[in-house]
Amino acid sequence: MANKTTAKKVSKKQEFANNLSTSNLIAVSILISILSIVLAIIIGRMLVSSLMLNARVIGKKTTASKQINTNYDNLKGLQSSYNSLGSLRETASNALPTRPELPLLWAMMENIGNSSGVSTSSVTSVVTSDIDAPAGGTVQQLPITVSVEGSYEAIQTYLKNIELSTRPLRVVNVTLSGTNNSVQANLLITTYYQGPADLNVGSEVVR
Amino acid sequence: MVHINLLPDARKDKLRDQSNRQLAISAATTAVIASVAGLVLLVVITQAQSLQIRLLTNSIKDKQAQIAQDVPEAQAIATMQTHLDSLGNLYGQQVKMSKFFTVLGKVSNNDVSISSVSLDAANKLTVTGTARSFNAASKLAEAMKVSNTEIGENASPSNTPDFSNVLMASLSGSEGKASFTITATVATGVTHGK
């Protein structure tokens, strides 16, 4: 029964082909060729654009993969150096903390004042919260105002000691009043903090 | 020798017709096969790329997990390294504001009284104060010019001056009480404790 159907179909196709004149058959062939080529071009263009996008993604991913491998090697290399730093780790982290660390800063300003022979009468900052700066961010400025009192020589020593601080302190303004033996100095100082490093693997939209 | 085609015209036409039909069918078949083959090739390449992307993504994730496992203090190490780099720059940009007061000490303190010293982002120092005379104010400006080359600890002509572009920006008032403003650029660099 099936063979009969196939035979019937074949005979119908043959019949159709045989019934077509040569010029019609050529026209149908050209039409089919053009149709298939046009379809291939349309679908091919979509595939090629997808292929090119994938190629860009692969390029970025390869770079990221190489970067994370380099980071791993670097971290392994730094691990022993970091562990051998000992107490210097704390010194370094106090020099550029990840947050304003105002209590530590005020204590440091008082210590610098005491060791210079001046009395610190006030320390203020405009910062209202003591939270970590954004991870992976740049150095943040922290302006503070300090008022001290002492002899002219003591104020001089105070300024020198400020420059020697491990936590960088940039004196941007000094106003002086009083006499040589009792000088009142108001200092506007900028210090800094920086958020922790960002080790998270980020994402990027590739177009 | 002469060849004579003995086929009748009708037979010749039929053969030519058959040949043309074969050619048309072959050309169409070739076009379809080539189109399909091209598309299949592109699909295969796209799939291979998707596989490569998946492999790379997994490789990155694995490495990330390896970092967390092998270097638990990675965050602290990276932060320390970043901060040490930043500190190097910050120390390098440190201004020697105290140098001004050292210079001021070399000039008679009683002759000059400073009311304000300020520093802008470009390290331009602006000093305002009063002096007993125009000459006393000028002496301060002159002393600033030679700080670290003629006056100050370890001063030497080969040293970099502590202040450059020293300018007596304004000088007014009368003998006995002259108001002055001096501007200068302060040298930057790491301050060594001595």
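Which strands of chain A does helix α4 (residues 102–116) of chain A lie across? In this predicted model, helix α4 of chain A lies across β1, β2 and β4 of chain A, and runs at about 155° to β1(A). Such angles run from 0 to 180 degrees between N-to-C directions, with axes fitted as lines to C-alpha atoms, for helices over the stretch in contact. Helices (H or I, at least four residues) and strands (E, at least two) are DSSP runs, numbered from the N terminus.

Residues are numbered from 1 along each chain as its sequence is written, while chains are lettered from A and ligands numbered from 1 in the order in which they are written. Because this is a predicted model, local features need pLDDT of at least 70 and side-chain atom pairs count only at pLDDT 80 or more, whereas totals for chains, interfaces and linings use all residues.

**The sheet**

The strands form an open sheet of 8, in the order β1(A)-β2(A)-β4(A)-β3(A)-β1(B)-β2(B)-β4(B)-β3(B), with antiparallel pairing; two strands pair if DSSP finds at least two bridges between them. At the edges stand β1 (119–125) of chain A and β3 (163–174) of chain B, each with a single partner strand, so one side of each is left without a neighbour in the sheet. From one strand to the next the twist averages 20°.

Three of the antiparallel pairings are set out below.

| Strands | Bridges | Opposite residues |
|---|---|---|
| β2(A) and β4(A) | 11 bridges | A:L142 and A:T191 |
| β3(A) and β4(A) | 9 bridges | A:V171 and A:I189 |
| β3(A) and β1(B) | 3 bridges | A:V174 and B:V117 |

β3(A) and β4(A) also form a hairpin, with 4 residues between them. Where β3(A) pairs with β1(B), A:T175 has B:S116 as its bridge partner. In chain B, helix α4 (residues 134–145) lies across β1, β2, β3 and β4 of chain B, and runs at about 175° to β3(B).

**Where the chains touch**

In total, 59 residues of chain A are in contact with 61 residues of chain B, a contact being two residues whose C-beta atoms, placed from the backbone, lie within 7 Å. On the chain A side, α2 (22–84), α3 (88–95), α5 (152–164) and β3 (169–178) each supply at least two residues, and the largest share, 32 residues, comes from α2(A). This side of chain A divides into 36 nonpolar, 17 polar and 6 charged residues; Ala, Val, Leu, Ile, Met, Phe, Trp, Tyr, Cys and Pro count as nonpolar, Asp, Glu, Lys and Arg as charged, and the others, Gly among them, as polar.

A:L47 lies in helix α2 of chain A and, leaving aside its neighbours within four places in sequence, is in contact with B:L42, B:V43 and B:T46. A:L47 is partly exposed, because 18 other C-beta atoms lie within 10 Å, whereas a residue is buried at 20 or more and exposed at 12 or fewer.

**Nonpolar cores**

A nonpolar core is a set of buried Ala, Val, Leu, Ile, Met, Phe, Trp, Tyr and Cys residues joined through C-beta atoms within 7 Å. The largest has 51 residues, and among those touching the most other members are A:I155, A:Y158, A:V171 and B:F100. Leaving aside neighbours within four places in sequence, B:F100 is in contact with B:V117, B:L125 and B:V127.

**Confidence**

The predictor gives the complex an ipTM of 0.72 and a pTM of 0.70. Chain B averages a pLDDT of 87, and 93% of the residues score at least 70, pLDDT being the predictor's confidence in each residue, from 0 to 100.
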